[in-house]
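Here are my notes on the model you asked me to look through. Keep the viewer open beside you while you read.

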Amino acid sequence: MGVWGFLKLHTTMGAYRCKSLVVASGGLSIPTMGATGFGYDLAKQFGLRITAREASLVPFTFKGELLTLAQSLAGVALPVVISCNNQSFKEAMLFTHKGISGPAVLQISNYWYSGYNIEINFLPDIDLAKQIAQWQSEKSKSELTTLLSRLMPKRFVVAWLAAEHAKACGADNIANKNIADLSRSDIEIIAKLFHTWQCMPAGTEGYKTAEVTRGGVNTDDVSSKTFEAKKVPGLYFIGEVLDVTGWLGGFNFQWAWASGHCAAQYV
């Protein structure tokens, strides 16, 4: 801040001064497009607080046996309900060579923190226990795997029933049973395996593929009406550089445009 209430900028193209400066530098997401932490550094320079920043709206990565399983299923997509931290989303999920992705995963990543479990329901529109009971009432002689493949991709069903987490609960011994031979205990095991599967992601794919940055300039340090920094007259922060993160579907674009429009009324 210079004399006469002007802000001074020293750039590679020369020195400038202004009465109003709007910081619309975005977050750290997609550095290949030029994203940097410039806005955060500038905010710190003037004493504004910065909340912890993390990649968000981003795919999860796995390691070990889960990674091997995901790689074997890479390209398989199916509708799920995914939950974490008291939030749930019903969207499509995709297995990748690194873990899992798709709209459901990106949405829930807004609420996930390192060390948190996620829970996935692979049959959100079907009560599997009731469905199996119906197959039994129809005197079906088909194997469980065959009938489950009517509801989900066969490649997924076969791999899921043979996975280590399935073996741990005894589901692999149930997979090739005829529906008529399934006990109540068998049905409970299978229903849990597909309705309430839990795991802990190893991490995310990071800022390289994240659509947004969670965290940023603390909104308590900025006017909610003008977006002017409370400590620095004439300095404004808008868009993703602020600690505001929206869902998929254009909400982050809308925030950028709306906050820019509001600030423009006072610049």
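The points below go through the sheet, its hairpins, a few loop residues and two pockets.

1. First, a reminder: this is a predicted model, so read each point as a description of a prediction.

2. Start with the sheet. In what order do the strands of the open sheet sit? Going across, you meet β10-β9-β6-β7-β8-β5-β11. That makes an open sheet of 7 strands, and the pairing is antiparallel. At the edges are β10 (197-199) and β11 (203-204), each of which pairs on one side only. If pairing is new to you, strands of a sheet pair through backbone hydrogen bonds, either parallel or antiparallel.

3. Now zoom in on β6 and β7. Strand β6 covers residues 77-84 and strand β7 covers residues 87-95, and 8 bridges join the two antiparallel strands. For a pair to look up, try serine 83, whose bridge partner in β7 is serine 88. The two strands form a hairpin with 2 residues between them.

4. One of the residues in that turn is asparagine 85. Its phi is positive, about 55°, although asparagine 85 is not a glycine. Is asparagine 85 buried, partly exposed or exposed? It counts as partly exposed because its relative accessible area is 36%, which falls between the cut-offs of 20% and 50%.

5. Next along is the pairing of β7 with β8 (residues 99-101), again antiparallel, this time over 2 bridges. Phenylalanine 95 has isoleucine 100 as its bridge partner in β8, while leucine 94 stands opposite serine 101. A hairpin of 3 residues links β7 to β8.

6. Threonine 96 deserves a stop, so to speak, in the loop between β7 and β8. Which backbone atoms does the side chain of threonine 96 reach? One is the backbone nitrogen of lysine 98, at 3.1 Å, and another is the backbone nitrogen of glycine 99, at 2.9 Å. Threonine 96 is classed as buried because its relative accessible area is 15%, and the cut-off for buried is under 20%.

7. Who else touches threonine 96? Leaving aside neighbours within four places in sequence, threonine 96 is in contact with Ala70, Gln71, Ala74, Ser101 and Glu205. Ser101 has already come up as the residue opposite leucine 94.

8. Two lysines in other loops are worth a click. Lysine 63 lies in the loop between β5 (60-61) and α2 (64-72). It counts as exposed because its relative accessibility is 64%, and exposed means over 50%. To get a feel for distance, find lysine 141 too: its C-alpha atom is 38 Å from that of lysine 63, with these positions 78 residues apart along the chain.

9. The other lysine is lysine 139, in the loop between α4 (128-137) and α5 (144-148). Here phi is near 60°, a positive value in a residue other than glycine. At 67% relative accessibility, lysine 139 counts as exposed.

10. On to the empty spaces. Rolling a probe the size of a water molecule over the atoms shows where empty space is left. The largest pocket has a volume of about 380 Å³. Its lining is made of 19 residues, and those nearest the centre are Val212, Glu240, Asn252, Phe253 and Ala256. Which helix gives the most to the lining of the largest pocket? That is helix α9 (residues 251-264), with 5 residues. By class, the lining has 11 nonpolar, 6 polar and 2 charged residues.

11. The second largest pocket holds about 320 Å³ of space. Of its 15 lining residues, Lys8, Leu9, Leu21, Phe38 and Leu42 are the closest to the centre. The elements β1 (7-11), β3 (21-23) and α1 (38-45) each supply at least two lining residues, and β1 gives the largest share, 5 residues. The lining of this pocket divides into 10 nonpolar, 3 polar and 2 charged residues.

Methods:
Residues numbered from 1 in each chain as written. Predicted model: local features only at pLDDT ≥ 70, side-chain atom pairs only at ≥ 80, totals over all residues. Heavy atoms only, no water. 1 Å grid on protein atoms, 1.4 Å probe; cavity = no way out; pocket = protein on both sides within 12 Å on 5 of 7 lines; lining within 4 Å. Points joined across faces, edges and corners; volume = space filled by probe spheres on them. Helix = DSSP H or I, 4+ residues; strand = E, 2+ residues; numbered from the N terminus. Nonpolar A, V, L, I, M, F, W, Y, C, P; charged D, E, K, R; others polar. Pairing = 2+ DSSP bridges. Buried < 20%, exposed > 50% of the residue type's maximum accessible area, 1.4 Å probe, protein only. Polar contact = N/O pair within 3.5 Å; in protein donor to acceptor, adjacent residues only side chain to side chain. Contact = heavy atoms within 4.5 Å.
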